[in-house]
Amino acid sequence: MAYDQNNIFAKILRQEIPCIKVYEDEHTLAFMDIMPQADGHTLVIPKYEAVTLLDLPTSELTHTIQVVQKIALALEKSLDAKGIVLMQLSGEAAGQTVPHLHFHLIPSSIHTLKNHASDMADQAQLQIFAEKIKAAL
Ligand code: AMP
């Protein structure tokens, strides 16, 4: 599938729209999901223009998954997460709604997740979680 330059995460990467950032380096960005499925729901995206997992070169994937683990450790430390759901939807058929590859890190049990991309969170509340996670990085 061709990469859509106007997808919402491409706009976040170009800083055309804001995000509540928790981490950034040369190749990746991590920020709070605006419709979290649990408190602390964080997204990690590669800056590389990949729609799905299948589009990301291995070298980029290796770095991205290391950042995923780094954020997971920060979630465990800052939010006392006992378990973390790592979710990655590749393709519309899987339920992917934003066509830029991203990894969901959700401090929760799979049995108690809120609905996917459903309810907008309070921005001030997201900012508080982001500050806690950043402090644990
Ligand atoms: P997926 O359905 O796997 O593509 O997930 C897309 C995720 O992006 C959902 O969990 C949405 O809540 C989240 N999302 C959509 N727009 C934004 C945004 N502007 N900032 C942060 N998260 C977003």
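1. A residue counts as buried when its relative accessible area is under 20%, as exposed when that value is over 50%, and as partly exposed in between. Proline 99 has a relative accessible area of 21% and is therefore partly exposed. The model discussed in this note is a predicted one, and the points below should be read with that in mind.

2. Proline 99 belongs to the loop between β4 (85-87) and β5. Although 88 residues separate proline 99 from lysine 11 along the sequence, the C-alpha atoms of these two residues are 12 Å apart in space.

3. Turning to the ligand, the model places 18 residues around it, and the closest of these are Asp33, Thr97, His102, His104 and His116. Sorted by character, the residues of this shell comprise 11 that are nonpolar, 6 that are polar and 1 that is charged.

4. Two histidine side chains approach oxygen of the ligand: a polar side-chain atom of histidine 102 is 2.8 Å from a ligand oxygen atom, and an N or O atom in the side chain of histidine 104 is 2.9 Å from an oxygen atom of the ligand. The backbone takes part as well, since a polar backbone atom of glycine 95 lies 3.3 Å from a ligand oxygen atom. Of the 500 Å² of accessible area that the ligand has on its own, the protein covers 94%.

5. The largest pocket is the space that the ligand takes up. Two or more residues of the shell around the ligand come from each of the elements α1 (8-13) and β2 (28-32), and α1 contributes the most, with 3 residues.

6. Serine 108 sits in the loop between β5 (103-106) and α3 (123-135). With a relative accessible area of 15%, serine 108 falls under the 20% limit and is therefore buried. The side chain of serine 108 also makes a polar contact, at 3.3 Å, with the side chain of threonine 112.

7. Two backbone angles deserve a careful look, because most residues other than glycine have a negative phi. Glutamine 15, in the loop between α1 and β1 (21-24), has a positive phi near 60 degrees, and its relative accessible area of 66% makes this residue exposed. Alanine 117, which lies in the loop between β5 and α3, likewise has a positive phi, of about 45 degrees; with a relative accessible area of 36%, alanine 117 is partly exposed.

Notes: Residues are numbered from 1 along each chain as its sequence is written. This is a predicted model: local features need pLDDT of at least 70, side-chain atom pairs count only at pLDDT 80 or more; totals for chains, interfaces and linings use all residues. Side-chain values use heavy atoms; hydrogens and water are left out. A residue is near a molecule or strand if one of its heavy atoms lies within 4 Å of it. A polar contact is a pair of N or O atoms within 3.5 Å; within protein, one must be able to donate a hydrogen and the other to accept it, and residues adjacent in sequence count only if both atoms are side-chain atoms. Accessible areas come from the Shrake-Rupley method with a 1.4 Å probe; for residues, only the protein chains shown count as cover. On a 1 Å grid over the protein atoms alone, a cavity is a set of points where a 1.4 Å probe fits but cannot get out, and a pocket is an open set with protein on both sides within 12 Å along at least five of seven lines; lining residues have an atom within 4 Å of a point. A molecule sits in a cavity or pocket if more than half of its atoms lie within 2 Å of its grid points. Helices (H or I, at least four residues) and strands (E, at least two) are DSSP runs, numbered from the N terminus. Ala, Val, Leu, Ile, Met, Phe, Trp, Tyr, Cys and Pro count as nonpolar, Asp, Glu, Lys and Arg as charged, and the others, Gly among them, as polar. Buried means under 20% relative accessible area, exposed over 50%, partly exposed in between (1.4 Å probe, protein chains only).
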